[in-house]
Each structure stands twice: as C-alpha cells, then as structure tokens.
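Me: Hey, got a minute to go through a structure with me? I'd like to start with salt bridges and then move on to how the chains meet.
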There are 2 protein chains.
Amino acid sequence: MKRSILKFGGTSVSSLEKIKNIADYLKDRAKQGEQLIVVVSAMGKTTDELMASVNSITSSPNEQDLAVLLTTGEQQTISYLSIILNDMGVKSKPLTGYQAGIETVGHHLKSKISKINSELFDQLFNTYNVLIVAGFQGFNTDNEITTLGRGGSDTTAVALAAANKCSCEIYTDVTGVYSTDPRIYPQANRLDEVSYEEMMEMSALGAGVLVTRSVEIAKNHNTPIYLGKALSDEKGTWVMSKLDILEKKAITGVALDKDMIHVTLNYPHYDTHLMDATFNNLEQEEINVDMISQIVNNEGLQLSFTMKDTEENQIQKIFYRLKEDYPDLYFKIENRFVKVSVIGSGMRDMTGVASKVFRTLIKADIPFYQVTTSEISISYVVDEKNANDAAHLLCEQFEL
Amino acid sequence: MKRSILKFGGTSVSSLEKIKNIADYLKDRAKQGEQLIVVVSAMGKTTDELMASVNSITSSPNEQDLAVLLTTGEQQTISYLSIILNDMGVKSKPLTGYQAGIETVGHHLKSKISKINSELFDQLFNTYNVLIVAGFQGFNTDNEITTLGRGGSDTTAVALAAANKCSCEIYTDVTGVYSTDPRIYPQANRLDEVSYEEMMEMSALGAGVLVTRSVEIAKNHNTPIYLGKALSDEKGTWVMSKLDILEKKAITGVALDKDMIHVTLNYPHYDTHLMDATFNNLEQEEINVDMISQIVNNEGLQLSFTMKDTEENQIQKIFYRLKEDYPDLYFKIENRFVKVSVIGSGMRDMTGVASKVFRTLIKADIPFYQVTTSEISISYVVDEKNANDAAHLLCEQFEL
C-alpha cells in the first residue's frame, strides 16, 4: 500500500475552517487507499503568542521549560485535525513527538532527530488510515520534551519520509520554489526541479522555503521532496538528486536573507584568550555564525560576523558575560543588513559569476560589506534599503 | 528531607501574575529545605475555551483526540510556572502526565490512575527542588494520552501524595470545607476537620470541593489532605481518618448538587431487552447513574435516574441509538432539578434524621421527587427554585 508523508505549515492550518479543508483533501487521498502520515505546525500565530507571554516574564527562559510550552501549539493542531477526520469517518490518530517515537539529541530548543521508529507506523496503520504527527517536536533520552528549532516541522516531515522510505510533500502558501522571491521580482520563474545542493544553498541563504537541515536529511536518504501550495492544483517544485534532473541551469536563483543580525566586536588589541572565549561560548550555546571577517590594525581588533536573528538574546548574554572579564570589549548588534545570494550548481563550471555580480552592484552604486563564496553560491551583505534593488538587478543580469 | 505535594486550581493560576505569586510562595517553601511536588490545573478558562472550539466542530469528538487537546492546557501552566521559578533561581522541572509516570486505565476522558513510579521523583529531587506536574492527565499502556475526568487535578495530587507517602495540600479560592455553601447559607461554619467518609459523601453529592475518587484514594492510603485558600493565612480544613478526629458531630453538612441531569424514559410496556440494552450501554460508556426509580403500571414503564450533566451528550447519543431499535421509546432529559443532601457520620447512631428532613420540607411546602439514603447521608431531589430554601431550612434544623 502506498505510504505518503504530507506536511502542512502554520498558515494552512491557521483556523478550524482551514483545517477542515485539509481534512477534506486528506479524506479523498485516504479513500484512494493511501496510508497517510500528516505533519502539522502550530495554528497560525500560536507560537508567536506563546513566545510573547514568555517574553513578558523573562528574556532568558529556561530552555527545557520553553520546549514544554511551545510544543503545545502543534499538539493542539494534531488534535483538531484528528477530531475532524474521525468525525468524517476517517480513522485517524494524533501523535505527539514522543508518541511518534521521534528521538532527538542536543539543546532543548535546537535538537536534532537521532532516531525514528518506523515499525511503530507499520503497526498503527493496521488500525488507522491517517496518522497525524506534531511537527517541530521530539524527546531526548532523559524523556524530556525537545523542539527542533526553526523550520522544525519540515525536518520532522522529511525525517519521517526518510524513515518510511517514501516521498515527502510539503505544503505552504507559496507555489514551490522560485528563482527569486516573486514579491521582490514579479518576473521570477517557478522552478520545476531543483537539486538538493541548490535547495540547501537557498535555504541556508534565506530563500525561506525549506531549512537546510531538512534538505540535508533528504539528500542523505535520497528522499524526493515536493514543495507545493496547499489545496491548489498549481504545479510545485520537486527537490531531488541532481542526477535525476535533466536540464541543468548555471544559475537557478537569487535569495535574500533578512532574518540575520550583524555583530561587530571591537577590542584595543588582538587577544587570543578573548577570541578563544568568544568562539568557545558560541560553540557551547550552539550558535552558528555565518560570514566572518576580522581586521587587526593599529586601532586594535575588529571582528564581524553574521548570524540568525533568533539567537539575539543568547549572543547578548554571551557578550555581557565576556565584558565582565574584558571591560574594554565593545560590541554592537545590528539588523539593518540583508544578505543577497546568487545560487546555481552550474556556477562551478561557469567563469566570471563573481565578477559579474561585483560589477552589477558597483554600477548600481550599491555598497556591500562582506562577501562569501561556496561551490555553488556567492553572497553579499548589503544595506537593507538596497536589498530589493540588488535582487532585481541580479535577476535581470542572470535572466531568471 | 520533608516532601510535600501542593495543588493549585484553575482560578489560582488564571494569569501569569497569579502564577508569579504562587512561584514566590513556592520559593519560600523550597528555601526552607522542602522537596515540593506541585500539581497545577489549566489556566482559568483554558479548558472551557478548548471545549468551545471543539463544540464548533462536532458534538461527539473522538475521545482520544480530545484528551490530546485538553491536556495542552495543563502543559502550558507547568511550563509557565517552571519558567518563572527557574528565572528566580529555584531549580524546577515541568512534567507532563507521561513524564511524571502517571499510568492510567479506562476510557480516554475518564481514566483512573493505575500506577505511579515514586522512584522517579526520588531521582529527580537529586537535581531539582520543585517538580511541577500537569494535573488531570496520564497515559495508558498503549502510550496514549488520557485525562482523569472532572476534578482530575485533585486526583493527580492525592495519588502523588499517596505514592510519595506524604500529605497533600489542595489550594483553591475557598477557605476549606463548610457545613454548607456559604453563598447559600452565610452562617455556615468552616470545619477544622472532616473524615474521609463525610468528605466523600459531600463530594459525591455536589459540595464541589473535592471529587469522590480523590478522597477514596486518600482514604485507602491514609493520606491527610489539607483544603485551604491559595496564598492566604486563613485556616483551612483537614480531611483525615475519622479515628484521628476528636470531636464528632452527628450532622456535619448540607450539600447541593446542581450539576446533574434528570433522565426519564417511557415505554408502553416493561421490556427486559430494553432495560438490558439501556444499562449495557451506560456501562460501556462508563456513565454512572445515581438515583434510580422505576414505575411499571397500566400505562407502561417509567424509569427515572439522575447523573452528572457532563455526560449529557453521551446519554443523548445512547438513547437516539436505542430509539432506532425501540421506536416507541420516549425519553426526556431535564436539568431543572437539584439534589439536596444531609451528611454526617454520626447519622447512623442518630434516629429520626430522615423523618426530621421529611417534615422540614413538607412544612415548607417543598415537594421532593426522589430520595436515597446511605450510611451517612440522605438525599432529596427538589425543584431548582426550592433548592436554596431547602438548604437554609436544613442548616437551621441541624444547627450547622
């Protein structure tokens, strides 16, 4: 019997009415004899509302406690969807992360899935037609509730697909993957297919469709992912092995990452202990820094890096703590920058992409601050006010 | 080290501000070296709000699904309380029913606690000073989430106290147990002590302070229960073995049960199959009927009984189903009645209580419909409009 994993994000389950529409769709699929595992996020703004309550208490909530709180959002969605399906006569069962056997390791709020018990699903499908799994959550070996961090529901879905050896359909309010954000560049094309590698660059660089970790898991297990618009007939995008993609384009997309902050450290002189303490702390808190640059001159040390803005509280705590040992340390956290990236797996075979981008930005008088390159992408940090223009010009330049 | 169980109900945790006040109190107790297990309910009207959402979907939600939904309320409270305590520097850990090892048997929404692993708490107190347990919830051997039904958080607290061999403090917005509801009879006295048996009668009869099951568990394990007002210095009531109570009164209280419905069945003739089907269905749905009366005469069969109004949906379903097989069946569900009960463990040694009550009601021209007696109580079903008058008269009669 065919088994499929479907994931519905927060906007597609933001009201009971919308959840009912999804239930109707699932009923049709289940009727055709499919075994469905459905992963859902919290309804609409639920997670934001819970976070707002917490922020009214403290700026540094205990992570274990916070995971217990945030997971109630998804738990409510699985219940509502299952109530509706059972009421329609579709045999359905809601499963929290723990009940679905999603074992994790690592920090409570940024856990990684370590194990999934797919036999559990084989058993449950003897009784039920639809199994509804709370996304974004799991449990660790201490029996504590954990969350998977940003984009965690996608990770849940892809990991379940990998464990169940089937494909994964991820439904949002956007029709698949575009060469760049259509709100910024309306002429952007929807892509029929992208490779895992390209998708990973897009995710890491803020295209915002799928988090890197999800794509990594899919790549490792060769799990095909379909990205489509919920309850729509419009064609979406398949993310798959590049071997399976026929027509390869040099440049597939331009991505904008607005959810980042730019951190600058100043210190009167280069101090290895300070550098060591800084990166030690970042590692311990599991904070990923992205673009790093360092200047050492007569005026002392200047270290800059970019990182996700979700970790702003943690990074502030780290530096206030460091300032106790290094009173001359000066730090600044800014969020007025955007990272613009050009992505394409054909890039490695194509010369002059970097210089083409350079010239495009210079000609348009758009200053950029940091530059990084990977095998299949080049990224530039620009001022927020120039980000959309930069994306526009680059789309035109590379005919996306 | 002294270990205590404390339970705080919905009104005492209805806002983050109130939860903070409780956290302050717990901090003081923890500082004095106590190991605290704190059981909390859902915040204020959370459970009612979740039920309202469900009722907008269907009148007969799947019970397993509903349990998954309702338990999110308590899960949120444990997280908030733990966030606040940890933020204050008190080492605290939130535990869902599953995490607290509260194993249950029976229907998903009316489960009974079958096992508690108290060693788990011994271990956790090596690391934490306060363990916060979500009331009202557990899990069954199929790893499914369950709830304990009405008053379930009290049951959680008392069962934890029994398992941990310590006393149980239950805090509400009322100062202990009164001889009758002070809102009805302002001269009512607060009782310093009541026996388990008297408390059980009061609970079963609607005094509404503590559900019968909780008192039963306490009685079986000889667990003392303190009923007091949250964060107040006013003295509350101890519920304990009658052997430990010095001054015994014949009549301790008058209780009113308004949360009941009165069901009447009419059928043209006495039919054993119908009777059998009726009680079979009630048993399968685990519905407790209370006062039963039956009349069989020339006009046919009339069966009446009272039950908790929480099961109104279920009972309607049962009778609509029965009507398919017995088209001449006529049934009526009314909630315009109240049960008034006189309670006292001295009653068995005191003659004439029943007739005193009879005469009091007759003299006041208050008709009553059904009467039941137990070892230590007598109950009368009266019209809703007469209930308060009846309680008043009986309090005066027995000098409460």
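Reply: Sure. A salt bridge here is a side-chain nitrogen of Lys or Arg within 4 Å of a carboxyl oxygen of Asp or Glu. Keep in mind that this is a predicted model.

Me: OK, how many salt bridges does that rule give over all chains?
Reply: The count comes to 32 over all chains. One pair is A:K110 with A:E311, where the closest N and O atoms are 3.0 Å apart.

Me: Where do A:K110 and A:E311 lie in chain A?
Reply: A:K110 is in the loop between β4 (102-105) and β5 (112-116), while A:E311 is in the loop between β16 (300-308) and α9 (312-325), so this pair ties together parts that are 201 residues apart in sequence.

Me: Now the two chains. What turn lays chain A on chain B?
Reply: A turn of 180°, with a shift of 0.1 Å along the axis, lays chain A on chain B with an RMSD of 0.1 Å. That is the relation of a two-fold axis.

Me: Which residue of chain A comes closest to the rotation axis?
Reply: That's A:T72, with its C-alpha at 2.7 Å from the axis.

Me: And how many residues does each chain bring to the contact?
Reply: Chain A brings 38 residues and chain B brings 38 residues. Of the interface residues of chain A, 100% are also interface residues in chain B, so the copies meet through the same surface.

Me: What area is buried between them?
Reply: About 3,200 Å² is buried between chain A and chain B, and carbon and sulfur atoms give 55% of that. A:I57, A:D65 and A:I83 supply 20% of the area that chain A buries against chain B, which is more than any other three residues supply.

Me: Back to salt bridges for a sec. How many go across the interface of chain A and chain B?
Reply: The rule finds two across that interface. A:K93 forms a salt bridge with B:E144, with the closest N and O atoms 2.6 Å apart. As for polar contacts, 29 residue pairs are counted between chain A and chain B.

Me: Which elements of chain A supply at least two residues each to the side that touches chain B?
Reply: Those are α1 (16-31), α2 (46-55), α3 (63-87) and β3 (92-95). Of the elements of chain A, α3 gives the most to that side, with 17 residues.

Me: How do the residues on that side divide into nonpolar, polar and charged?
Reply: The side of chain A that touches chain B has 16 nonpolar, 17 polar and five charged residues.

Me: New topic. What does UniProt annotate as "binding site" in chain A?
Reply: An unreviewed UniProt entry puts that annotation on A:K7, A:F8, A:G9, A:G10, A:T172, A:D173, A:Y178 and A:R183. They are spread over 177 residues of sequence and also spread in space, up to 23.8 Å between C-alpha atoms.

Me: Where's A:D173, and which residues does it touch?
Reply: A:D173 lies in the loop between β9 (168-172) and β10 (193-195) of chain A. Leaving out residues up to four places away in sequence, A:D173 touches A:T11 and A:K229. A:Y178 also lies in the loop between β9 and β10.

Me: What about A:T47 and A:E74: do they cluster or spread in space?
Reply: The "binding site" annotation in the unreviewed UniProt entry covers A:T47 and A:E74 too. They cluster in space, with a largest C-alpha distance of 8.9 Å, although they are spread over 28 residues of sequence. A:T47 lies in helix α2 of chain A.

Conventions: Residues numbered from 1 in each chain as written. Chains lettered and ligands numbered in written order. Predicted model: local features only at pLDDT ≥ 70, side-chain atom pairs only at ≥ 80, totals over all residues. Heavy atoms only, no water. Least-squares fit on C-alpha atoms with pLDDT ≥ 70 in both. Contact = heavy atoms within 4.5 Å. Buried area = accessible area lost by both parts, 1.4 Å probe. Polar contact = N/O pair within 3.5 Å; in protein donor to acceptor, adjacent residues only side chain to side chain. Helix = DSSP H or I, 4+ residues; strand = E, 2+ residues; numbered from the N terminus. Nonpolar A, V, L, I, M, F, W, Y, C, P; charged D, E, K, R; others polar. UniProt positions renumbered as here; feature names shortened; annotations may be inferred.
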